[in-house]
Amino acid sequence: MSNSVAPLSERASWKALQLHAESVKARHLRQLFAEDPQRGERLVIDSAGIYFDYSKNRVTDETLSLLFRLAEESDLRGRIDAMFGGERINITENRAVLHTALRAPKGSHVYFDGEDVVPAVHEVLDKMYAFAERIRGGDWKGHTGATIKNIVNIGIGGSDLGPVMAYEALKDSSLRELTFRFVSNIDGTDFAEATKDLSPEETLFVISSKTFTTLETMTNARTARAWSLAALKDDAAVAKHFVAVSTNAAEVSKFGIDTANMFEFWDWVGGRYSMDSAIGISTLLAIGTENFKALLSGFHEMDEHFRTTPFEQNIPVLLGLLTLWNTNFLDAHSIAVLPYDQYLKRFPAYLQQLTMESNGKHVTVTGKHVNYETGPIYWGEPGTNGQHSFYQLIHQGTRLVPCDFIAFIDSLNPLGSHHDYLTANVFAQSEALAFGKTADEVKAEGTVDWLVPHRVFEGNRPSNTFLIQGLTPSVLGKLVAMYEHAVFVQGIIWEIDSFDQWGVELGKVLSQRIIPELQSPEEPVLKHDSSTNALIRRYRSLKK
């Protein structure tokens, strides 16, 4: 943060928002819409191929004005320029944050430490495209001469969640002659089930690990190596059945992978921001070069929208500010992401890492403990499945859960009236959440008095609706970039580092201490707490 920026709780706009929130809490969306009949047409942004209706949020023009003032007082414009300019805004790791360079077109320029990184990005992309054409065209042969028919991506975190989400989201564009599987969990069941019906002669493994030392990924990679060689009987086969996404050429070579088949990425790419880097090679193998280029183009279009559009018409800025408003001033603790498209079934899980690993922080960039909420919990399921599951709590529970509805005008699989029914549910759910049903309305339907309270919907529950023409590779890129930048907006205002993840480290360190204690043939001397010691002893005494 700039030294000239006051601490968040001392900013004039923050204090004004705290006072303003008290008056807004007393108002209902029914009242706000009644006072402004054009509200539903006025509080929208139609840009970058996304129609963003935010009118069903509990905000007034004054709320929005104060939020934009907060963004200005937080130097959001300066921090956006710093990110795109390659400054080391990841303070605790002294790194730049340049995932936007991964989708910069050829011929553009993005500088880091005085060097234009775009040529290196496109050198890797061109290498990926050439490799993908060989696999998809059947020219890459396995060790026995068999054609590769199965791709198994092995990674964890961003090296898994991004590729598997993108594969599922863009399955309509995928090459169906290839089978894709994704292994991330160190639980042996994940690998066993992913490979049970595959032939080693026809299977290619993509091992994604920046350091090539990640415990889960490398444990699964070694198991994959053993699984392959049990059938192929020759260490030389590894070079034909394994490729790597990494920066550690020495470890890749030691594993047996030809470093000519190692695809690079960089320290200025965080794992949860890497699905459009070489980490996305399984996505590329599935959808092909032209579709992958369209995915990158969608990312870039949203990047430019975020970078250049005034805040009042800037989708990620407004999405981030509304999330902050609901979290810090209306006491919402979670956000439900509800895509009404089956292809986006893994999108909420992907967003969980993007949002919660980024903004689940309790200290500012200067190391001071925050005195306000950060990082709401993200969760969700595709509609209409969720309607028959957790929507009850959203509608009539005691917790305020703002919702992001994502809907499409065109279905990729039009079957009869299915899509109209699906879309009607999107609009109906957001309407019901906003306006509810009063006791008088329930009584007017002839409901007996004792049942009336059970059928009342209080409403006044905020939601956003994103209405888009259709789910394409370009649109997926826009959606992901939209949330990436909204997360960034929140992090800047909260004064936290959205690009580190120290919270995942402690458990990793402790697990390395516990592993030998579980495997030792001699009874180990345990120095944990009494609970952990007892659990270790019980596991050792009962394991087969």
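In the predicted model, Ile406 of strand S12 stands opposite Phe466 in strand S13. This pairing belongs to a parallel association in which six bridges join S12 to S13, the latter spanning residues 463-468. S12 is also joined to strand S10 (residues 334-339), again in the parallel sense, by four bridges. Here Leu338 has Phe405 of S12 as its bridge partner.

Strand S12, formed by residues 403-408, is mostly covered, with six of its six residues buried. Side chains on the two faces of the strand share this burial: Cys403, Phe405 and Ala407 point one way, Asp404, Ile406 and Phe408 point the other way, and all are buried.

S12 and its partners are part of an open sheet of six strands with mixed pairing, arranged in the order S1-S2-S13-S12-S10-S11. The edges are occupied by strand S1 (44-47) and strand S11 (377-379), each of which pairs on one side only. From one strand to the next, the twist averages 15°. An antiparallel pairing is found between strand S2 (residues 50-53) and S13, which are linked over three bridges. Within this pair, Tyr51 stands opposite Leu467 of S13. Helix H14 packs on the sheet, where it touches S1, S2, S10, S11, S12 and S13, and its direction makes about 25° with that of S2. Helix H20 (residues 473-494) likewise packs on the sheet, touching S2, S10, S11, S12 and S13; the direction of H20 makes about 160° with that of S12.

A residue of H14 was examined in further detail. Asn326 lies in this helix, which covers residues 315-328. Asn326 has a relative accessible area of 3%, under the 20% limit, and is therefore buried. A polar contact of 3.5 Å is made between the side chains of Asn326 and Asn57. When residues up to four places away in sequence are not counted, Asn326 touches Asn57, Asp331, Ala332, Pro402 and Pro462.

H14 also packs against helix H13, at an angle of about 70° and with the axes 7 Å apart. As this angle falls between 65 and 115 degrees, H13 is therefore roughly perpendicular to H14. Met302, His305 and Phe306 of H13 make the contact with Ile315, Pro316 and Val317 of H14. By class, the residues of this contact divide into five nonpolar, one polar and no charged.

H13 (residues 289-308) has a further packing partner in helix H6 (residues 118-136); these two helices pack at an angle of about 150°, with their axes 10 Å apart. Angles over 145 degrees count as roughly antiparallel, and H6 and H13 are therefore roughly antiparallel to each other. In this contact, Leu125, Met128, Tyr129 and Glu133 of H6 meet Thr289, Phe292, Lys293 and Leu296 of H13. The residues involved in the contact of H6 with H13 divide into five nonpolar, one polar and two charged.

A further open sheet consists of five strands in the order S6-S5-S7-S8-S9, with parallel pairing. Strand S6 (179-183) and S9 stand at its edges with a single partner strand each, so one side of each is left without a neighbour in the sheet. Strand S5 (residues 150-154) runs parallel to S6 and is joined to S6 by five bridges. Ile154 stands opposite Val183 of S6 in this pairing. Helix H8 (residues 188-195) packs on the sheet through S6 and strand S7 (203-208), and the direction of H8 makes about 175° with that of S6. Helix H9 (residues 215-232) packs on the sheet as well, touching S5, S6, S7 and strand S8 (242-245); the direction of H9 makes about 160° with that of S7.

The loop between strand S9 (262-263) and helix H12 (281-287) contains Glu264. With a relative accessible area of 37%, Glu264 is partly exposed. Its contacts, leaving aside neighbours within four places in sequence, are with Val124, Ser246 and Ala278. Glu264 and Thr532 are 268 residues apart along the chain, and their C-alpha atoms are separated by 40 Å.

Conventions
Residues are numbered from 1 along each chain as its sequence is written. This is a predicted model: local features need pLDDT of at least 70, side-chain atom pairs count only at pLDDT 80 or more; totals for chains, interfaces and linings use all residues. Side-chain values use heavy atoms; hydrogens and water are left out. Axes are lines fitted to C-alpha atoms, for helices over the stretch in contact, and angles run from 0 to 180 degrees between N-to-C directions. Angles under 35 degrees count as roughly parallel, over 145 as roughly antiparallel, 65 to 115 as roughly perpendicular and the rest as oblique. Contact means heavy atoms within 4.5 Å. Ala, Val, Leu, Ile, Met, Phe, Trp, Tyr, Cys and Pro count as nonpolar, Asp, Glu, Lys and Arg as charged, and the others, Gly among them, as polar. Buried means under 20% relative accessible area, exposed over 50%, partly exposed in between (1.4 Å probe, protein chains only). A polar contact is a pair of N or O atoms within 3.5 Å; within protein, one must be able to donate a hydrogen and the other to accept it, and residues adjacent in sequence count only if both atoms are side-chain atoms. Two strands pair if DSSP finds at least two bridges between them.
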